[in-house]
Amino acid sequence: METLTAALRSVLPRDAVITDPVRLRTYECDGLTYHRATPGVVVLPATAEQVARVVRLCNDFGVPFVARGSGTGLSGGALPREDGVLIVTSKMRAILEIDLPNRRAVVEPGVTNLAITEAVREQGYYYAPDPSSQQVCSIGGNVAENSGGAHCLKYGFTVNHVEACEIVTPDGDLVTLDRMDPGYDLLGAFIGSEGTLGVATKITVRLSRAPEAVTTVLAAFESIEQGGQAVSAIIGAGIVPAAIEMMDALAIEAAEAAVACSYPAGAGAVLIVELDGPAAEVERQFARLRELCAGAFELRVAADAAERAAIWKGRKSAFAAVGRISPAYIVQDGVVPRTALPGVLAAIDRLSAEHGIRVANVFHAGDGNLHPLVLFDDAEPGAGERAEAVSGAILDLCIEHGGSITGEHGVGVDKARYMPRMFSAADLDTMQLVRCAFDPRGLANPGKVFPTPRLCGEVPGVRKGVHPLVESGKAEQF
């Protein structure tokens, strides 16, 4: 590593290479603090060419590298390697071009999600994907994780809003993947690949026209079951809201403690529904919405942008807010069919009681994307293990009900071991074929997404048949 570090200093500015042990610990985890590893060295490139030089050196020395944006990921996708280089793109935060006639912007990977909207808001445009962390999360990380957000029910995920990406491939080439390219959809393969296919250095995003009208409604119900019934009724009536979010009583308690959002007292669940589009259509949908939410004991309608922000304040702060009511927590991310929500939420309640672990539920109700917050006291012996057990059991519930182990947070290091529960060995081998086509040496963010090495020392690749060490009883496949 010392020789590599010297080489890195030869291609980067002096202050762009960090080796001080204390400063390195700043980067030892992303938003998933349960997993930590101090990186071997951290680099802060300011240009795509510098990223390419770093990756080429990693190849020359056979050293793994991990790309990191703002580090807000919640599945350990940017967890560094102790024997590797962490490439932090926080210095690459320029908005390079805004092209309103073609409704697009070209940005560097360190630009925050919200900064894109702020740059075009006055002209009547915005960038649609809106993770709750949009004030700080970077667009490069959004591309790596195919991030979503509250408004993705109607407008889709990051993959639906990126036109092109300039990337540094795992062997150090600088290339551009464009949606207009003929042939295979390599841009689609890259988005959501969690840094295993290269590093994004320039991103062309699609800008959306701001809607003519927006109506935001908060409906308070006595129970989460009643709220769930309202969700089914709204979607069943053919209404596709821009967003439809739900919080249970424990999540409301946390939000009140953190940001005093003044949600209705005594609510077992609150539903936030946002309608947008042409004014006449929004007015018609809102009239129907009032009928469908007749079971709510209170219905608030935002009169202006300030009241809309007040309604969203509790929901947007929910993840961080649980820190007010619990010393530690795990943010889980899974998906179930919308119709399975009542049964799965009841099962989560049972798991919570059985393990003595509280679970707060905050979720994108419209598309069945659960975000259970598994609360525990990390000073209590065994509590962390019980929380992990509950967290894993929730993912099993998602799979059992025909859902997925992730909706928008990625697989990362946290859920790699659950991939074989959802996919067959043949499925995983096929995915490895794609990964190896980009990164045959396995240097780009190794140890993420796939449960590799499936055998100790095994080079990622396509396996055919039973491994000889498994067959001889000398190793166990997992």
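Here are some notes on the predicted model above, element by element.

1. Start with the N-terminal helix. In helix 1, which covers residues 2–11, the buried residues include Leu4, Thr5, Ala7 and Leu8. Looking down the axis of helix 1, the buried residues fall within an arc of 160°, so they line one face of the helix. An α-helix has 3.6 residues a turn, so residues three or four places apart point the same way. Glu2, Thr3 and Ser10 sit on the other side of helix 1 and are exposed.

2. What covers the buried residues of helix 1? The cover includes strand 1 (17–18), strand 2 (41–43), helix 3 (48–61) and strand 4 (85–88). Several of these names come back in the next point.

3. Now the mixed sheet. Here 4 strands make an open sheet, ordered 1-2-4-3, with mixed pairing. Its edge strands are strand 1 and strand 3 (65–68), and each of them pairs on one side only. Strand 2 and strand 4 run parallel and are joined by 3 bridges; Val41 has Val85 as its bridge partner in strand 4, and Val42 has Leu86. Strand 3 also runs parallel to strand 4, with 4 bridges between them. On that side, Leu86 of strand 4 is the bridge partner of Val66.

4. Stay with strand 4 for a moment: are its side chains buried or exposed? Val85 and Ile87 point one way, Leu86 and Val88 point the other way, and all are buried. As for the helix packed here, helix 3 lies across strand 2, strand 3 and strand 4, and runs at about 170° to strand 4.

5. Next, the antiparallel sheet. This one is open too, with 5 strands in the order 5-6-10-8-9 and antiparallel pairing. Strand 5 (95–99) and strand 9 (174–178) are at the edges with a single partner strand each, so one side of each has no neighbour in the sheet. On average, neighbouring strands of this sheet are turned by 15° against each other, direction ignored. Within the sheet, strand 8 (residues 162–168) and strand 10 (residues 199–206) pair antiparallel over 6 bridges. If you want a residue to click on, try Cys165: its bridge partner in strand 10 is Ile203.

6. Which helices lie across that sheet? Helix 3 turns up again, lying across strand 8, strand 9 and strand 10 and running at about 50° to strand 8. Helix 4 (residues 113–120) lies across strand 5, strand 6 (104–107) and strand 10, at about 45° to strand 5. So that the link is plain, helix 3 lies across strands 2, 3 and 4 as well as strands 8, 9 and 10.

7. A word on annotation. An unreviewed UniProt entry places the feature "domain: FAD-binding PCMH-type" at residues 35–210. In the model, that span is 22% helix and 25% strand, and the C-alpha atoms at its ends lie 39 Å apart.

8. Further along the chain, have a look at strand 14 (residues 269–277). How many of its residues are buried? The count is 9 of the 9, so strand 14 is largely enclosed by the rest of the structure. Both faces are covered: Ala269, Leu271, Val273, Leu275 and Gly277 are buried on one side, and Val270, Ile272, Glu274 and Asp276 on the other. Note that the second list holds Glu274 and Asp276.

9. Which strands pair with strand 14? Strand 12 (residues 213–221) does, antiparallel and over 9 bridges, with Phe221 partnered by Ala269. Strand 13 (residues 243–248) is also antiparallel to strand 14, and 6 bridges join the two. Here Ala243 has a bridge partner already named above, Glu274.

10. Last, the cysteines. A disulfide is a covalent bond between the sulfur atoms of two cysteines. The count for this model comes to 0 disulfides. Why is Cys29 not in one? Its closest cysteine sulfur belongs to Cys137 and is 17 Å away, which is too far for a bond, given that a disulfide needs the sulfur atoms within 2.5 Å. Cys29 has 12% relative accessibility, and because the cut-off for buried is under 20%, it counts as buried.

Terms used. Residues numbered from 1 in each chain as written. Predicted model: local features only at pLDDT ≥ 70, side-chain atom pairs only at ≥ 80, totals over all residues. Heavy atoms only, no water. Buried < 20%, exposed > 50% of the residue type's maximum accessible area, 1.4 Å probe, protein only. Pairing = 2+ DSSP bridges. Arc of directions from axis to C-beta. Contact = heavy atoms within 4.5 Å. UniProt positions renumbered as here; feature names shortened; annotations may be inferred. Axes fitted to C-alpha atoms, helices over the stretch in contact; angles between N-to-C directions.
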